[in-house]
Amino acid sequence: MKKGWIFFIVLILLTPGVLALSVSLSAPSSGNTTNMTSIIFTCTATDAYAISRISLYMNTSSSPWTQVASQTNASTIANFLVSSLTQGTYIWNCLVYDNIGLSDWSTNRTFITDIIPPTVNLISPADGNVTSA
(Lines give C-alpha, C1' and ligand atoms only; values in the text may rest on other atoms or scores of the structure.)
Protein backbone atom coordinates (compact mmCIF):
# COMPACT_ATOMS: atom_id res chain seq x y z
CA MET A 1 0.00 0.00 0.00
CA LYS A 2 1.30 3.44 -0.84
CA LYS A 3 2.15 6.01 1.86
CA GLY A 4 -0.51 8.39 0.54
CA TRP A 5 -3.27 5.82 1.12
CA ILE A 6 -2.06 5.05 4.66
CA PHE A 7 -2.09 8.76 5.52
CA PHE A 8 -5.59 9.10 4.03
CA ILE A 9 -6.95 6.13 6.04
CA VAL A 10 -5.38 7.39 9.30
CA LEU A 11 -6.78 10.86 8.62
CA ILE A 12 -10.29 9.45 8.13
CA LEU A 13 -10.06 7.44 11.37
CA LEU A 14 -8.86 10.39 13.48
CA THR A 15 -10.92 13.21 11.98
CA PRO A 16 -14.22 12.55 13.86
CA GLY A 17 -12.54 12.90 17.27
CA VAL A 18 -10.57 15.98 16.28
CA LEU A 19 -13.62 17.74 14.93
CA ALA A 20 -16.16 16.62 17.50
CA LEU A 21 -14.54 16.80 20.97
CA SER A 22 -16.00 19.68 22.92
CA VAL A 23 -17.10 20.60 26.42
CA SER A 24 -19.74 23.04 27.61
CA LEU A 25 -20.42 24.39 31.09
CA SER A 26 -24.05 24.11 32.17
CA ALA A 27 -24.17 25.31 35.77
CA PRO A 28 -23.69 27.64 37.51
CA SER A 29 -24.26 30.34 34.92
CA SER A 30 -21.52 32.88 34.26
CA GLY A 31 -21.75 35.96 36.46
CA ASN A 32 -23.97 34.18 39.00
CA THR A 33 -23.92 35.57 42.55
CA THR A 34 -24.90 33.24 45.38
CA ASN A 35 -24.87 33.10 49.16
CA MET A 36 -24.40 29.33 49.08
CA THR A 37 -21.14 27.73 50.20
CA SER A 38 -21.89 24.46 48.36
CA ILE A 39 -22.52 24.48 44.61
CA ILE A 40 -23.07 21.76 42.00
CA PHE A 41 -21.01 22.34 38.83
CA THR A 42 -22.19 20.65 35.63
CA CYS A 43 -20.00 20.00 32.57
CA THR A 44 -21.20 18.33 29.37
CA ALA A 45 -18.86 16.70 26.86
CA THR A 46 -19.50 15.58 23.29
CA ASP A 47 -17.22 13.46 21.13
CA ALA A 48 -17.23 10.76 18.50
CA TYR A 49 -15.21 8.63 20.94
CA ALA A 50 -15.84 7.66 24.56
CA ILE A 51 -15.06 10.24 27.25
CA SER A 52 -12.29 9.01 29.55
CA ARG A 53 -12.11 11.90 32.04
CA ILE A 54 -13.82 15.15 32.94
CA SER A 55 -12.06 17.41 35.45
CA LEU A 56 -13.27 20.57 37.19
CA TYR A 57 -10.75 23.38 37.68
CA MET A 58 -11.22 26.56 39.70
CA ASN A 59 -9.24 29.59 40.79
CA THR A 60 -9.69 32.85 42.64
CA SER A 61 -7.82 36.11 42.41
CA SER A 62 -5.53 34.87 45.20
CA SER A 63 -5.02 31.25 44.10
CA PRO A 64 -3.75 29.45 40.98
CA TRP A 65 -5.82 27.04 38.88
CA THR A 66 -6.53 23.93 40.93
CA GLN A 67 -8.14 20.67 39.93
CA VAL A 68 -11.05 20.46 42.35
CA ALA A 69 -12.66 17.20 41.20
CA SER A 70 -12.43 14.61 38.44
CA GLN A 71 -14.45 11.71 37.05
CA THR A 72 -12.73 8.94 35.12
CA ASN A 73 -14.50 6.70 32.65
CA ALA A 74 -17.01 9.50 32.65
CA SER A 75 -20.32 9.71 30.91
CA THR A 76 -20.93 12.79 28.82
CA ILE A 77 -22.30 14.76 31.81
CA ALA A 78 -20.38 15.30 35.03
CA ASN A 79 -21.81 16.88 38.18
CA PHE A 80 -19.35 18.00 40.84
CA LEU A 81 -20.46 19.10 44.32
CA VAL A 82 -17.98 21.62 45.71
CA SER A 83 -18.39 22.53 49.38
CA SER A 84 -16.82 24.99 51.82
CA LEU A 85 -16.62 27.84 49.34
CA THR A 86 -15.57 31.11 50.94
CA GLN A 87 -16.35 34.74 50.12
CA GLY A 88 -14.95 35.73 46.74
CA THR A 89 -15.00 35.69 42.97
CA TYR A 90 -14.21 32.34 41.35
CA ILE A 91 -13.30 31.35 37.80
CA TRP A 92 -14.12 27.78 36.77
CA ASN A 93 -13.74 25.50 33.77
CA CYS A 94 -13.77 21.83 32.79
CA LEU A 95 -11.12 19.84 30.94
CA VAL A 96 -12.24 16.76 29.01
CA TYR A 97 -10.20 13.86 27.64
CA ASP A 98 -11.48 11.20 25.28
CA ASN A 99 -10.20 7.62 25.05
CA ILE A 100 -7.82 8.40 22.16
CA GLY A 101 -6.04 11.12 24.14
CA LEU A 102 -7.58 14.28 22.72
CA SER A 103 -8.52 17.03 25.18
CA ASP A 104 -10.57 20.22 25.21
CA TRP A 105 -11.39 23.12 27.57
CA SER A 106 -14.52 25.20 27.54
CA THR A 107 -14.63 28.98 27.92
CA ASN A 108 -14.05 30.16 31.50
CA ARG A 109 -17.02 31.13 33.64
CA THR A 110 -17.12 33.24 36.78
CA PHE A 111 -19.34 33.30 39.84
CA ILE A 112 -19.36 35.18 43.12
CA THR A 113 -19.93 33.72 46.56
CA ASP A 114 -21.28 36.48 48.80
CA ILE A 115 -21.70 35.09 52.32
CA ILE A 116 -21.02 38.22 54.37
CA PRO A 117 -24.30 39.76 55.56
CA PRO A 118 -24.79 43.44 54.78
CA THR A 119 -24.54 46.05 57.54
CA VAL A 120 -27.10 48.75 58.18
CA ASN A 121 -26.12 52.22 59.40
CA LEU A 122 -28.99 54.31 60.69
CA ILE A 123 -28.54 57.91 59.58
CA SER A 124 -31.80 59.47 60.70
CA PRO A 125 -33.40 60.01 63.15
CA ALA A 126 -30.54 60.42 65.61
CA ASP A 127 -30.21 57.86 68.36
CA GLY A 128 -32.46 58.76 71.31
CA ASN A 129 -34.58 61.18 69.28
CA VAL A 130 -38.20 61.38 70.45
CA THR A 131 -40.92 62.60 68.14
CA SER A 132 -44.60 63.14 68.69
CA ALA A 133 -47.43 62.83 66.25
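Two residues are in contact here when they have heavy atoms within 4.5 Å of each other. With that in hand, start at S106, which touches V23, S24, L25, N93 and C94, leaving out residues up to four places away in sequence. Please keep in mind that this is a predicted model, in which local features need pLDDT of at least 70, side-chain atom pairs count only at pLDDT 80 or more, and totals for chains, interfaces and linings use all residues. Residues are numbered from 1 along each chain as its sequence is written, and side-chain values use heavy atoms, with hydrogens and water left out.

Let us stay with S106 for a moment. This serine is found in the loop between β8 (103-105) and β9 (109-113). Strands are DSSP runs of E with at least two residues, helices are runs of H or I with at least four, and both are numbered from the N terminus. S106 has a relative accessibility of 19%, so it counts as buried; the cut-offs are under 20% relative accessible area for buried, over 50% for exposed, and partly exposed in between, with a 1.4 Å probe and protein chains only. A polar atom of the S106 side chain lies 3.3 Å from the backbone oxygen of V23. A polar contact is a pair of N or O atoms within 3.5 Å; within protein, one must be able to donate a hydrogen and the other to accept it, and residues adjacent in sequence count only if both atoms are side-chain atoms.

Now step back to the whole chain. The protein chain has one helix and nine strands, and the helix comes at the N-terminal end of the series, followed by the strands. Of the 133 residues, 27% are buried. Among contacts with a separation of 6 or more, 64% are between residues 24 or more positions apart. The chain exposes about 8800 Å², with carbon and sulfur atoms supplying 59% of it; these areas come from the Shrake-Rupley method with a 1.4 Å probe, and for residues only the protein chains shown count as cover.

What about the interior? In soluble globular proteins, nonpolar side chains tend to be buried together. A nonpolar core is a set of buried Ala, Val, Leu, Ile, Met, Phe, Trp, Tyr and Cys residues joined through side-chain atoms within 4.5 Å. The largest one here has 21 residues, and F41, I54, M58, W92 and C94 have the most contacts inside it. Two or more residues each come from β1 (22-27), β3 (39-46), β4 (51-60), β6 (77-82) and β7 (88-98). Take M58 as a guide: beyond four places in sequence, its contacts include F41, W65, V82, W92 and F111.

C43, in strand β3, is another good place to look. C43 counts as buried because its relative accessibility is 0%. Apart from residues up to four places away, its contacts include V23, S24, I54, F80, W92 and C94. The C-alpha atoms of C43 and S26 are 5.8 Å apart, although 17 residues separate them along the chain. S24 itself lies in strand β1 and, at 36% relative accessibility, counts as partly exposed. Outside its neighbours within four places, S24 is in contact with T42, C43, T44 and S106, which brings us back to our starting serine.

The loop between β3 and β4 holds D47. Which side chain of opposite charge is nearest to this buried aspartate? That is R53, 13 Å away, and D47 has no salt bridge. Lys and Arg count as positive and Asp and Glu as negative, while His and the chain ends are not counted; a salt bridge needs a side-chain nitrogen of Lys or Arg within 4 Å of a carboxyl oxygen of Asp or Glu. A polar atom of the D47 side chain does lie 3.4 Å from the backbone nitrogen of L21.

Finally, visit three more loops. P28 lies between β1 and β2 (32-34), and a cis peptide bond, with omega about 0 degrees, joins A27 to P28. S84, in the loop between β6 and β7, has a positive phi of about 65 degrees although it is not a glycine. The relative accessible area of S84 is 63%, so this residue is exposed. G101, in the loop between β7 and β8, also counts as exposed, at 52% relative accessibility.
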